[in-house]
Amino acid sequence: MSETRDRLLRAGERLFRAQGYSGTGLKQLASEAQAPWSSMYHFFPQGKEQLAEQAIRYGGELYAQMIRQCFATYLDPRKAVAAMFAGEARILRSSGFRNGCPVASVALDVASTTERVRKPCAEVFASWIAALAEGIAASGKPEETATDLEGAIVLSRTSKSVKPLEQTAQFVLRSLEEKLPRRARKPRKARVSAKS
């Protein structure tokens, strides 16, 4: 990948994340990427939809890598999930609630009207759910809790509060704890019988 194309994708990911698809202009994107205007159509000859499609996939893969890294770092999936929620809360707070999920803004903006943009959004969400499910399942825990993170990010962004994210984190962590397989629970110490 050329350096200029990479800068355009990074800038696209940042701007689409913060402003959505409709709110991001190509001139602004080229300026943010410090790229000549002509390079936009050199690398993305089919225009804004092509750039958005590739920026969504680019940002989606970065997020999927973060999910996998959390599970690689924390062997206990509860700690990995807690770290993901805490990291997302830090991102939201530090950005004034402008940065959150790299796909949600675009998905909510145009997914029902632009198929070329809707499809990568759906595929990226599915890849994240798969990465979460894989990390949770690797410890013998159920996979169905993997879908709860995204809605919490959107709610936190719109309310400008990390409270929905924190509440969802507690719910997911309680769910994981309740669904631990018996073999994964810590054994209790046997009580000494009064008769022995």
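How far apart in helix α7 are glutamate 123 and lysine 119, in terms of helical turns? Being four residues apart, glutamate 123 and lysine 119 are separated by about one helical turn of α7. This pair and other features of the predicted model are presented in the views below.

**Figure 1. Overall architecture of the predicted model.** The secondary structure of the protein consists of nine helices and zero strands. Read from the N terminus, the elements follow the order α-α-α-α-α-α-α-α-α. The protein has 196 residues, of which 46% count as buried. When contacts between residues at least 6 apart in sequence are considered, 66% of them join residues at least 24 apart. Twelve salt bridges are present in the structure, and several of them are shown in the following views.

**Figure 2. The salt bridge between glutamate 53 and arginine 116.** The closest N and O atoms of this pair are 2.6 Å apart. Glutamate 53 belongs to helix α4 (residues 48-73) and arginine 116 to helix α7 (residues 115-137), so the salt bridge ties together parts that are 63 residues apart in sequence. Glutamate 53 has a relative accessibility of 17% and counts as buried, because the cut-off for burial is under 20%. Arginine 116, with a relative accessible area of 30%, is partly exposed. Apart from neighbours within four places in sequence, glutamate 53 is in contact with Arg116 and Pro120.

**Figure 3. The salt bridge between glutamate 123 and lysine 119 in helix α7.** The side chains of glutamate 123 and lysine 119 meet with an N to O distance of 3.9 Å. This distance qualifies as a salt bridge because the cut-off is 4 Å. Both residues lie in helix α7, four residues apart. Glutamate 123 is partly exposed at 35% relative accessibility, and lysine 119 is likewise partly exposed, at 44%. Through salt bridges that share partners, Glu53, Arg57, Arg116, Lys119 and Glu123 are joined into one network. The network thus includes the residues of the pair in Figure 2, Glu53 and Arg116.

**Figure 4. The salt bridge between arginine 78 and aspartate 76.** Side chains of opposite charge can pair when their charged atoms come close. In this view, the N to O distance between arginine 78 and aspartate 76 is 2.7 Å. Arginine 78 has a relative accessibility of 23% and counts as partly exposed. Aspartate 76, at 22%, also counts as partly exposed. Arg78 appears again in Figure 6, among the residues of α5 that meet α9.

**Figure 5. Packing of helix α4 against helix α5.** Two packed helices are described by the angle between their axes and the distance between the axes. The axes of α4 and α5 (residues 77-94) come within 8 Å and cross at roughly 140 degrees. This angle makes α4 oblique to α5, since angles over 145 degrees are required for a roughly antiparallel arrangement. The crossing of α4 past α5 is right-handed. From α4, the contact is made by Tyr63, Met66, Ile67, Cys70 and Phe71. From α5, the participating residues are Pro77, Ala80, Val81, Ala83, Met84 and Glu88. By class, the contact of α4 with α5 has ten nonpolar residues, no polar residues and one charged residue.

**Figure 6. Packing of helix α5 against helix α9.** Helix α5 packs with helix α9 (residues 163-178) at an angle of about 175 degrees, and their axes are 10 Å apart. That angle makes α5 roughly antiparallel to α9. On the α5 side, the contact comprises Pro77, Arg78, Val81, Ala82, Phe85, Glu88, Ala89, Leu92 and Arg93. These residues meet Leu165, Glu166, Thr168, Ala169, Val172, Leu173, Leu176 and Glu177 in α9. The residues of this contact of α5 with α9 divide into eleven nonpolar, one polar and five charged.

**Figure 7. The surroundings of threonine 24.** Threonine 24 is located in the loop between α1 (3-19) and α2 (26-32). With a relative accessibility of 1%, threonine 24 counts as buried. Residues up to four places away in sequence being excluded, threonine 24 touches Leu15, Phe16, Gln19, Leu29 and Lys48.

Methods
Residues numbered from 1 in each chain as written. Predicted model: local features only at pLDDT ≥ 70, side-chain atom pairs only at ≥ 80, totals over all residues. Heavy atoms only, no water. Helix = DSSP H or I, 4+ residues; strand = E, 2+ residues; numbered from the N terminus. Buried < 20%, exposed > 50% of the residue type's maximum accessible area, 1.4 Å probe, protein only. Contact = heavy atoms within 4.5 Å. Axes fitted to C-alpha atoms, helices over the stretch in contact; angles between N-to-C directions. Parallel < 35°, antiparallel > 145°, perpendicular 65-115°, else oblique. Left-handed = near helix turned anticlockwise from the far one by under 90°. Nonpolar A, V, L, I, M, F, W, Y, C, P; charged D, E, K, R; others polar.
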